Amino acid sequence: MPEPLPSQEITTRTHTAEILANARRDTERYGLDEIFIVDVDSHHAELNSWRDIIGYVEDPVLRDTAEQMMVHRPQAGQLALSNYKAGLAFQDAGSRIPHQSGLAEPVPVDGNPRDVELVRRAMDAMSIDVQVVFPQPMLEIGLHPEPGIAVQLMKAYNRWFVEQILPGDPRIKTMLGLPFEDPAACVETIREFGDHPDVIGFLVTSQRHAGVHRNEYLRIYAELEERGLPLGFHAGPSWQDSMTATMNRFLSVHAMSFVTCNMTHLTNWIVNGLPERFPGLRTIWIESGLAWIPFMMQRLDHEYLMRQSEAPLLKQLPSDYMRQMYYTSQPMEITDLKLLEATFHAMDAENTLLYSSDWPHWDFDVPGRVMSIPFLDDTAKRNILGGNARKVFGL
Amino acid sequence: MTLSAPRPTSSVVARSSDVAEGGRYVVAVRDDLHIGLFRFRGRLYAYENTCPHQGGPVCQGRLVDGVRERLDAHRHSLGLAFDEDDPHIVCPWHGFEYRITTGEHPGAPRFRLRSFAVTEENGEISVAL
Ligand code: FES
């Protein structure tokens, strides 16, 4: 009689290797162990370490406020000072997708923080050689009602991550979030961590209401350009925008707001000629999928041709600048292969697309996803899985 | 000479008691073939534990009734409700749902689980492989 599987139902307590066991089949089928794979977007659950992170808040009064919250309010140990939005709790589709609810599997204590082991398990299961790890709710920090608290939390998180997580495994890298509310603090952050070998770029957490072209931010871009470090824009959801506030289902919010925040920043970036002003600065648009790219190319080209006087710094079409930027692959909208192929062609995906898993989010993509695309040749697949990232990040 | 397709062989994969009414039982028939058995209103269903989306372990997901949206005579929405006649298995990787009774995605039937003929005799369950 054949054996039953050890886990009849996958839950939040199932071992990552077991959740992702089927991804190992792709490893054999496609020979993934022989391919250099960089995952440019994955996440760990920083709220599980929130008490430790709060300990890194520099402002003594704010830190005390948070510590008192954590002592006296039952739930504050994972939330104090944060702007965690209740809408985020819908991401797991009513616990239909348990790894989004949380990775609560047992992890032996070996001196490393639990998150290091969880990241390793995911890398091993998906044959990933280098994984760029980001937080989760901290990506919404741009919507915090108080900019001063947002800056303090971003700085505390960054220091905690660099000291506690990065030393855990040389395969773990990150692009640190910039405390964008305070341009001087952004420059300090770049100067402090920009030489760290595992900090391979910096990030604007995209869900925010800031014009990224404004003069006060240019010193940030100049600093990054001079150091040869890329700038990422990481999208996030918001149920509080005037647009998404009309919506009654998380599906709708997720479909729109993960894209529109990056569309907004990319539009400001191009129309204000930042690619011309910072020609050596590489930009990466993260976690918005691909379907928006050909739309933006056509839309911006169309408008630009009629209103050139409003974008006089441009020397090429907006779509030309877009082809000189980089994009992470997840969530790759594979529902119509002809449209996907046209998208790959429009964006020169062979040279601009960076594989990303987004693990452990509910809409993650395994590396086999790239290998299964029928119109790509071997070189294109290898570029997308790791070759392009090697170039962008100098790995 | 014409070659006829090999006839499926029937293999015993579980005892009847392993699959409760309304429940599921996932077995490793071979290293590369895991099968989920489901029993709903007395009938057995057998599907490969590989999701047609990205290959996830679909049979190890949450068993939950399909969701319907109720409308009144004026087509106003009265909200959502579970349909007890239409249990679903939800792939834990990304949430694709499949009808236990057909193996089809309820919104896009071109996504369907690979199914196996299943028989039950003398307290044993067999699938045609
Ligand atoms: S693999 Fe099953 S939903 Fe994606």
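## The interface of chain A and chain B

In this predicted model, strand 1 of chain A pairs with strand 2 of chain B, residues 24-30, in the antiparallel sense and over two bridges. Within this pairing, A:Glu3 has B:Ala28 of strand 2 as its bridge partner.

The two chains also touch beyond single named pairs: 29 residues of chain A are in contact with 36 residues of chain B. Between the two chains an area of about 2,500 Å² is buried, and carbon and sulfur atoms give 48% of this area.

Charged and polar groups meet across the interface as well. Three salt bridges are found there. One of them joins B:Arg24 to A:Glu9, with 3.3 Å between the closest N and O atoms. The pair qualifies because a salt bridge requires a side-chain nitrogen of Lys or Arg within 4 Å of a carboxyl oxygen of Asp or Glu. Polar contacts between chain A and chain B number 18 residue pairs, both residues being at pLDDT 80 or more.

Several elements of chain A supply at least two residues each to the side that touches chain B: strand 1 (3-4), helix 1 (16-19), helix 2 (21-30) and helix 5 (98-101). Helix 2 of chain A gives the most, with three residues.

The table sorts the side of chain A that touches chain B by residue class.

| Class | Count on the side of chain A that touches chain B |
|---|---|
| Nonpolar | 13 residues |
| Polar | seven residues |
| Charged | nine residues |

How values were computed:
Residues numbered from 1 in each chain as written. Chains lettered and ligands numbered in written order. Predicted model: local features only at pLDDT ≥ 70, side-chain atom pairs only at ≥ 80, totals over all residues. Heavy atoms only, no water. Contact = heavy atoms within 4.5 Å. Buried area = accessible area lost by both parts, 1.4 Å probe. Polar contact = N/O pair within 3.5 Å; in protein donor to acceptor, adjacent residues only side chain to side chain. Helix = DSSP H or I, 4+ residues; strand = E, 2+ residues; numbered from the N terminus. Nonpolar A, V, L, I, M, F, W, Y, C, P; charged D, E, K, R; others polar. Pairing = 2+ DSSP bridges.
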